[in-house]
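Subject: Structure handover

Hello,

Here is the structure I promised to pass on. My notes follow below it.

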Amino acid sequence: MRVVSGIQPTGKPHLGNYLGAIRNYVKLQDDALAANGECFIFIADLHAISMPHDPVELHNSTLELVATLVACGLDTSKTVLFNQAQVPAHAELQWLLSGTARMGWLSRMTQFKDKSGKNREGASIALFTYPVLQAADVLLYQATHVPVGEDQKQHLELARDIAQKFNNDFASEDDPVFTLPEPYIPPEAARIMSLRDGTSKMSKSDPSDMSRINLSDDADTIMKKVKKAKTDPEPLPPEAAGLEDRPEAKNLVAIYGAFSGKSVDEVLAEYGGAGFGTFKPALGELMVETLSPITARFNELRADRELLDAILARGAARARDMSGPTLSRAYAALGLVRG
Ligand code: ATP
Ligand code: MG
């Protein structure tokens with residue numbers, strides 16, 4: 001089992017990132033070890049330049065993301081944690097795969113259509129070729145399991161298509177260069193919605209800070225945001241079916257469940273009939289209980305630049321070692337002379 005996943009250093013990590021991605025990485029590192037496998041988690045800084053960005057912010061967000069991942073429980077003795085910019089093999093393999101990826105395949109990617117919007121002519125080339133870099137990210141490590149959200153499944157399909165065509169065109173059937181990666185959607189992956197609108201997901205790019213809980217928020221801010229979260233006037237229903245058509249209530253109950261390890265019905269067995277005046281403070285306290293040690297650890301790590309640099313340097317050295325053989329095979333398969 002070889003797990004590879006990346007996360008972009010854009011904006012501040014929030015509760016949705018934690019419950020939907022980071023917490024699963026922490027579990028997966030033990031699952032991978034137990035299966036004699038390995039877990040690679042990288043900061044997708046090269047992907048972040050595909051959209052207009054501020055270099056100072058990118059620099060800070062990258063360091064903050066390392067601190068966040070470690071504060072949330074990623075253990076660098078179990079997981080290879082690194083950033084793409086320190087492992088040139090990612091950019092190199094992207095170019096090699098660009099000979100195999102087809103314009104037509106990339107033109108069908110919905111993320112490019114969404115993110116370029118009406119201004120297709122003004123979109124960066126990087127935004128268009130983004131999925132090729134993503135393919136390189138996972139193929140370099142012979143990934144078997146790639147944890148992805150729904151939104152990234154199409155890109156992983158593309159990575160498989162690229163790997164398959166490359167293997168067909170340039171390798172023998174019994175000795176392929178690349179492993180075909182499988183999408184892995186963790187069973188307990190939660191999709192967390194905005195605190196201001198239960199029908200849109202909690203997101204870094206939402207202009208309202210009240211729409212999300214940042215992992216760097218202090219206890220008072222968390223309590224305030226939960227108390228101000230949008231809800232309806234009804235008390236909580238006795239069972240899950242009563243949450244249909246009540247997206248905000250459903251989201252808060254789901255968050256309570258994710259933090260307490262309880263099912264929605266178990267949460268409602270306890271709080272059914274209670275109003276939000278009772279439920280919200282209980283939810284806020286539960287969040288603070290889990291998040292405050294993470295925030296404290298984050299603040300310590302963020303202040304220790306030497307430690308963050310050391311973590312990244314060690315991760316990058318391992319990632320370079322682990323990706324080297326596949327990169328060399330890809331060069332050789334294409335007939336490129338490297339001495
Ligand atoms: P942006 O708004 O810039 O796209 P984002 O909030 O969606 O930012 P990403 O960096 O795109 O965050 O996502 C990082 C990881 O967190 C991905 O694995 C993604 O699937 C997951 N994730 C993001 N938002 C949520 C959410 N609201 N609920 C669950 N998982 C989420
Ligand atoms: Mg996103």
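What covers the buried residues of α12? The cover includes α3, α9 (219-228), α10 (247-260), α11 (264-271) and α13 (305-334). Please keep in mind that this is a predicted model.

More on that helix. α12 spans residues 276-302. Its buried residues are F276, F279, L283, G284, M287, L291, F298 and L301. L291 also marks a kink of about 35°. The proline P293 follows shortly after the kink.

Next, the domains. Domain 1 takes in 2-190 + 305-334, and domain 2 takes in 217-300. Their centres, taken over C-alpha atoms, are 32 Å apart. The contact between them involves six residues of domain 1 and five residues of domain 2. On the domain 1 side, helix α3 (residues 55-71) gives the most, with three residues. That side has five nonpolar residues and one polar residue. It has no charged residues. Helix α3 thus appears twice in these notes: it touches domain 2 from the domain 1 side, and it is among the elements that cover the buried residues of α12.

Now the ligand. Ligand 1 is surrounded by 18 residues. G16, G20, A21, G149 and S205 are the closest. Helix α1 (residues 15-34) supplies the largest share of the shell, five residues. By class, the shell holds nine polar, six nonpolar and three charged residues.

There is one annotation to pass on. The UniProt record, an unreviewed entry, places a short sequence motif, the 'HIGH' region, at residues 9-17. Over that stretch the chain is 33% helix and 0% strand. The C-alpha atoms at its two ends lie 12 Å apart.

Last, a single position: A274. This residue sits in the loop between α11 and α12. Is A274 buried or exposed? Neither label fits: A274 is partly exposed, because 14 other C-beta atoms lie within 10 Å, whereas a buried residue needs 20 or more and an exposed one has 12 or fewer. Leaving aside residues up to four places away in sequence, A274 touches P235, L236 and F279. F279 is one of the buried residues of α12. A274 and A319 are 45 residues apart in sequence, and their C-alpha atoms are 51 Å apart in space.

Best wishes

How values were computed:
Residues are numbered from 1 along each chain as its sequence is written. Chains are lettered from A and ligands numbered from 1 in the order in which they are written. This is a predicted model: local features need pLDDT of at least 70, side-chain atom pairs count only at pLDDT 80 or more; totals for chains, interfaces and linings use all residues. A residue is near a molecule or strand if its C-beta atom, placed from the backbone, lies within 6 Å of it. Helices (H or I, at least four residues) and strands (E, at least two) are DSSP runs, numbered from the N terminus. Ala, Val, Leu, Ile, Met, Phe, Trp, Tyr, Cys and Pro count as nonpolar, Asp, Glu, Lys and Arg as charged, and the others, Gly among them, as polar. Domain bounds come from an automatic or database domain assignment. Two residues are in contact if their C-beta atoms, placed from the backbone, lie within 7 Å. The bend at a residue is the angle between axes fitted to the seven residues ending there and the seven starting there. UniProt positions are given in the numbering used here, feature names are shortened, and annotations may be inferred rather than shown by experiment.
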